[in-house]
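Open the model in your viewer and switch to a cartoon view. The tour below tells you what to select at each stop.

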Amino acid sequence: MLGFSKSNNIMKAKFPDESKTIQTDIVLPADTNSLDNLFGGELLARMDKVASIAAVKHSENVVVTASINNVSFGEPVPNGSILTIEAKVSRAFRTSMEVFIDVWKQNKTHPQKYKVNEAIYTFVAVNKRGKPIKVPEIIPQTELEKKRYDAALRRRQLSLVLAGKMKPKDANELKAIFE
Ligand SMILES: CC(C)(COP(=O)(O)OP(=O)(O)OC[C@H]1O[C@@H](n2cnc3c(N)ncnc32)[C@H](O)[C@@H]1OP(=O)(O)O)[C@@H](O)C(=O)NCCC(=O)NCCS
């Protein structure tokens, strides 16, 4: 059986689907900028909330946002749109987890769900004193999950280099792209 047994402290690997979290909500005037489109900061906050729930489901612990690795605002999201945010843990490391977020909109112009945005957040599971603690491994199942799992190592190295927590010369996965 998959899961995290706190009683004997043995962590078993999980599947990405176990952390899947979906939020469907509407864009209201208070969420928009002067062009009547969703304010970028509001979308970041909504994604942070949904992604953090995915990380909590995977780790079964308190998590904090360590970094926002990539956000692309592909399309404006007008007032009145229905926004669907889906988050899943794409890879778990020792104490950190990468969460991949996909965002779709629906409105009068696009009655069918239409992908507008992707983002990648990193969360760290922490104990009551805020110290990082171990998380279960993850086993990707689908082709997309495997692709995102493989690329997560490069994104982690890039994020750590940018945060000044890893020397570029040690980022082997990242260097391999350019060799
Ligand atoms: C995130 C935090 C817990 C990391 O603590 P730390 O003492 O620096 O711990 P470490 O350096 O050992 O890092 C812990 C893990 O986070 C990862 N990490 C830290 N910074 C990272 C970054 N910028 N990008 C990606 N991963 C990062 C490390 O690689 C490590 O992962 P691993 O254990 O899976 O290998 C700590 O910096 C913190 O509490 N930050 C504030 C979080 C917060 O308040 N977020 C909300 C912002 S408003």
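Select Glu-60, which comes right after α1 and has a positive phi, near 55°. Keep in mind throughout that this is a predicted model.

Now step back along the chain and select α1, residues 40-59. Helix α1 has 20 residues and reaches 28 Å from its first C-alpha to its last. That is close to the 28 Å expected at 1.5 Å a residue.

Which residues of α1 are buried? Select Leu-43, Met-47, Val-50, Ala-51, Ala-54, Ala-55, His-58 and Ser-59. Turn the view until you look down the axis of α1: the buried residues fall within an arc of 170°, so they line one face of the helix. "Buried" here means that 20 or more other C-beta atoms lie within 10 Å of the residue's own. Next, add Gly-41 and Ala-45 in another colour; these exposed residues sit on the face of α1 turned away from its buried side.

What do the buried residues of α1 pack against? Show the strands β3 (21-26), β4, β5 (82-92), β6 (96-106) and β7, since these are the elements they pack against.

Keep β4 on screen and display the ligand. The shell around the ligand holds 18 residues, and Phe-93, Arg-94, Thr-95, Ser-96 and Ser-159 come nearest. Select β4 (62-73), β7 (114-126) and α2 (143-162), the elements that give two or more residues to this shell. Which element gives the most? The answer is β4, with 4 residues. Colour the shell by residue type, and you should find 8 nonpolar, 7 polar and 3 charged residues.

Finally, clear the selection and look at the whole protein. There are 3 helices and 7 strands, and along the sequence they follow the pattern β-β-β-α-β-β-β-β-α-α. Rotate the C-alpha trace: along its principal axes, the trace spans about 50 × 45 × 35 Å. A compact globule with 179 residues would have a radius of gyration near 16 Å, and the protein has 17 Å, which agrees.

Colour the residues by burial, and 31% of the 179 count as buried. As a last stop, display contacts between residues at least 6 apart in sequence; of these, 68% join residues at least 24 apart.

Definitions and conventions: Residues are numbered from 1 along each chain as its sequence is written. This is a predicted model: local features need pLDDT of at least 70, side-chain atom pairs count only at pLDDT 80 or more; totals for chains, interfaces and linings use all residues. A residue is near a molecule or strand if its C-beta atom, placed from the backbone, lies within 6 Å of it. Ala, Val, Leu, Ile, Met, Phe, Trp, Tyr, Cys and Pro count as nonpolar, Asp, Glu, Lys and Arg as charged, and the others, Gly among them, as polar. The expected span of a helix is 1.5 Å times one less than its number of residues. A residue is buried if 20 or more other C-beta atoms lie within 10 Å of its own, exposed if 12 or fewer, and partly exposed in between; C-beta atoms are placed from the backbone. The arc is that of the directions from the helix axis to the C-beta atoms. Two residues are in contact if their C-beta atoms, placed from the backbone, lie within 7 Å. The radius of gyration is taken over C-alpha atoms; the globule rule is 2.2 Å times the number of residues to the power 0.38.
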